[in-house]
Amino acid sequence: MLFHSSLRKELSRSFGATLVVLVTIVMTMMLIRTLGLASKGSVNPQEVFLVMTYTVLGYMPTILSLSLFIAIVGTLSRMYRDSEMVIWFSSGRGLADFVKPLFRFAWPVLILIAVMALVGWPWANSQTIGMRKQYEQRSDIERVAPGEFRESAGRVRVFFIDKETPDNSKATNVFIWSIERNMQITTSARSGSIENIGDSRYLLLNNGQRLEQPMAATGLKISEFKTYGTRAGGNSGLVNDATPPRARTTLSLLTDAGAPSRGELAWRIGMLLAAINFVLLALNVSSANPRVGRSGNLLLALFAFVVYYNMLNLGQSWISSGKYGMGGFMLMLHGGVLLINLAWLGARQNNWGRRIRSNPSTRAVSPTPKIEPT
């Protein structure tokens, strides 16, 4: 019991510290990314921190898996460096005896990873996509900033306006350039306002002029108007676009036999299977080699994590494209890594490599010289 409690206590401290550091790093990166999207007009600037929170929440399965992996590798490597592993081994404990206390510590984290991958990931993605879609489908008069040229939602128009009202429903000095019916149309007006007509929004311009120039011919048509209406882009209601697989619930993916749904489902279930394999992999790669320094095995462990995680993402794209089946790829990847971990653990537990090197039967025996009688 002392062996288990001391190990779990140190793993808890290491896991907590690693989780805080990784969450801070990811939040900083997501903040910079979200601010970039807000500057491009893809995210509402007032919802930057909310979008960042949802994004970080979606990445929690990966963060938790990496924190668990680093905590186990760091703790066991420290025990190797301080010769504590020698004490445990000399007391009759083998490397396989660490499997039980490691999983007793890791099972709450594994459950949390499963919940975040199967429930939290699609919910966070649906919230983020919903906010971005709602912001992108606002009217073009709300999209532009005063004194700046901005493209419309469909990238077929260029707007320039001045806003004076707090609700942004009216504008002054409106300039619109667009291409319609193979004609370049330039419209300018002193003022404009937004009106809802049916399911669409229209910009009603007052006291302006309209220039029409054919793109394939010469000529110019100029007309003046007192009132002119043009669609401002965006609907008063949201458009029911197809929901991407990453924003769909796990239950809906289970009932869908499509390849994209299979690929997304393989990724979500694979996160839990990968986390289980990471516990065994951390036990195998943990060691202390004075020749490579303290961070040598940690770099090897991070490299193994990156390769495994990239294979998980690559497998999702392969399954989504129909190149591989869901069951076959998951058995090949996760089952293969599990077999490698068990074989590696068995080799270290039984010191197979050391026995082969020290076995006298494998050494070359020099023949005894034969002395002939004289």
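Trainee: Which residues make the nonpolar surface patch here?
Mentor: W107, I111, V115, L118, V119 and I269 make a patch of about 520 Å². Patch residues have over 30% relative accessible area and no salt bridge, and nonpolar side chains (Val, Leu, Ile, Met, Phe, Trp, Tyr) are joined within 5 Å. A salt bridge means a side-chain nitrogen of Lys or Arg within 4 Å of a carboxyl oxygen of Asp or Glu. Areas come from the Shrake-Rupley method with a 1.4 Å probe, and for residues only the protein chains shown count as cover.
Trainee: Is this model predicted, and what gets counted?
Mentor: Yes, this is a predicted model: local features need pLDDT of at least 70, side-chain atom pairs count only at pLDDT 80 or more, and totals for chains, interfaces and linings use all residues. Residues are numbered from 1 along each chain as its sequence is written, and side-chain values use heavy atoms, without hydrogens and water.Trainee: Which helix gives the largest share of the nonpolar patch?
Mentor: Helix α5 (residues 99-136) does, with five residues. Helices here are DSSP runs (H or I, at least four residues), and strands are too (E, at least two), numbered from the N terminus.
Trainee: And where is I269?
Mentor: I269 sits in helix α8 (residues 259-285). I269 counts as partly exposed because its relative accessibility is 31%; buried is under 20%, exposed is over 50%, and partly exposed lies in between.
Trainee: How do α3 and α8 cross?
Mentor: The axes of α3 (residues 60-81) and α8 come within 8 Å and cross at roughly 15°. So α3 is roughly parallel to α8, a label for angles under 35 degrees.
Trainee: New topic: what's the phi of N207?
Mentor: Phi of N207 is near 55°, a positive value in a residue other than glycine. Most residues other than glycine have a negative phi. N207 belongs to strand β5 (residues 200-214).

Definitions and conventions: Residues are numbered from 1 along each chain as its sequence is written. Side-chain values use heavy atoms; hydrogens and water are left out. Patches are made of residues with over 30% relative accessible area and no salt bridge: like charges are joined within 9 Å, nonpolar side chains (Val, Leu, Ile, Met, Phe, Trp, Tyr) within 5 Å. Buried means under 20% relative accessible area, exposed over 50%, partly exposed in between (1.4 Å probe, protein chains only). Axes are lines fitted to C-alpha atoms, for helices over the stretch in contact, and angles run from 0 to 180 degrees between N-to-C directions. Angles under 35 degrees count as roughly parallel, over 145 as roughly antiparallel, 65 to 115 as roughly perpendicular and the rest as oblique.
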